[in-house]
Amino acid sequence: MPFERREGSLYVDGVALTDIAKSVGTPAYVYSWASIRQRFEELDAALADSNHQICYAVKACSSMTILARLAELGAGFDIVSGGELERVLAAGGTPGAIVFSGVGKSVEEIDLALKVGIRCFNVESASELRRIEERAAILSRRAPISIRVNPNVDPKTHPYIATGLKTVKFGVPAEVALELYREAHAAEHLDVVGIDCHIGSQINDVAPFAEALDALLALVDQLDNEKISLRHIDIGGGFGVTYQNEARLDTRAIGTMAKERLASRALDLIVEPGRSLVADAGILLTRVEYLKPRIAEDAKSFAVVDAAMNDLIRPALYQAFHDIQPAEQVDDSVRDSWDIVGPVCESGDFLGHGRVLALAEGQLLAIFSAGAYGFVQSSNYNTRPRACEVIVDDGSFAVMRPRESIAEMLRSEVIV
Ligand code: LLP
């Protein structure tokens, strides 16, 4: 854990959160670089027995500082838009280590990816395959492709983040994939290089990954019989973390599982982790604006803080649990069961329900495990500027993304 308590105050890698809040204000996202690096190195070691490439899923936390530092550690990237591609390139990522996922790649996005020379397009439909071929022909290139197989595996996670069931929009069933491989193999401007899947997110058990990999390997065998040979197999991301009391997925078990299945094959392994590298490295710092203690026995007590659903939407959107703790000790705090809510005008604007805590107005709070899908999913709802992002490294901190200003929010708008 990068966060530790000393005499009631929370510290991240030796830096007091109160000092950070004093300097940058709240709400603020704060990340421990040491924690991200450690998670990356742990996973890299877990996969050491397979020839592998970690393609960090940029969507989980796309701050350029983090992308640049991960690139330095040898990470590749899994992107899902032209914007993410531009971000990775601006951060110094290598095009040849980028895989491009997503069901709706536009012509412009495909062209850019072809021009810079990414490692692979993870193709999600017949129409997309044909569009990529057409664009590659126009640009006189050969597009490296993988078909995203939907293995119909139940990852037992929140329905919004289960992506490998036949009822969702992602990938194609194995039968369709086989047809698409035959078509791609015969196409002049397509280069068949791999196969991939991504079955969901926040999965804490290795079994669904094994089931998905087995389904992919059955298809690899069929392709072998037809002399269509692949260079890599990409099992996606989805490695689960601990938000409350779930057991974090042991990535060493993923390494062992993959090694057993890939040992006799000449296939590189690609993984696309997002959450597991960054979730627990980040917190959202917020300050209590007002306390509204219960007025009747059957009413609720509210702590209104300065962060809201526009800053961290996971509780409102997925009923996600994020631990919330005071980052400093203050006098005259009141112990109660508090609903921690934001200033946004919706009853769905909450960060935590029924948290038994001693709170006071003006107190600094830390919302944990906010490093993944936190800032990146923030919005300007209620015309609220997006929070700043701070990185802590080696005992000091720096702002890697300044707080958005109201002027910036209004700048490009016109009154018609
Ligand atoms: N690869 C693909 C193709 C993906 O769609 C995703 C995530 C990943 C990799 C990375 O998955 P991870 O390792 O982070 O679980 N906003 C949601 C999570 C959405 C995940 C979408 N896809 C949340 O806040 O829980």
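This report describes how the two domains of a predicted protein model meet.

## Basis of the model

Because the model is predicted, local features need pLDDT of at least 70 and side-chain atom pairs count only at pLDDT 80 or more, while totals for chains, interfaces and linings use all residues. Residues are numbered from 1 along each chain as its sequence is written, and side-chain values use heavy atoms, with hydrogens and water left out.

## Domain layout

The protein chain is divided into domain 1, made of 3-31 and 281-411, and domain 2, which covers 47-274; these bounds come from an automatic or database domain assignment. The C-alpha centres of domain 1 and domain 2 lie 34 Å apart. To the contact (heavy atoms within 4.5 Å), domain 1 gives 18 residues and domain 2 gives 15 residues.

## Buried area

Between domain 1 and domain 2, about 1,500 Å² is buried, with carbon and sulfur atoms giving 57% of that area; buried area is the accessible area (1.4 Å probe) that two parts lose on being put together, summed over both. In domain 1, the residues that lose the most area to domain 2 are Y318, F321 and Y373, which together account for 35% of what that side buries.

## Polar and charged pairs

The count between domain 1 and domain 2 is one salt bridge, a term for a side-chain nitrogen of Lys or Arg within 4 Å of a carboxyl oxygen of Asp or Glu. The side chains of D393 and R69 meet in a salt bridge, at 2.9 Å from N to O.
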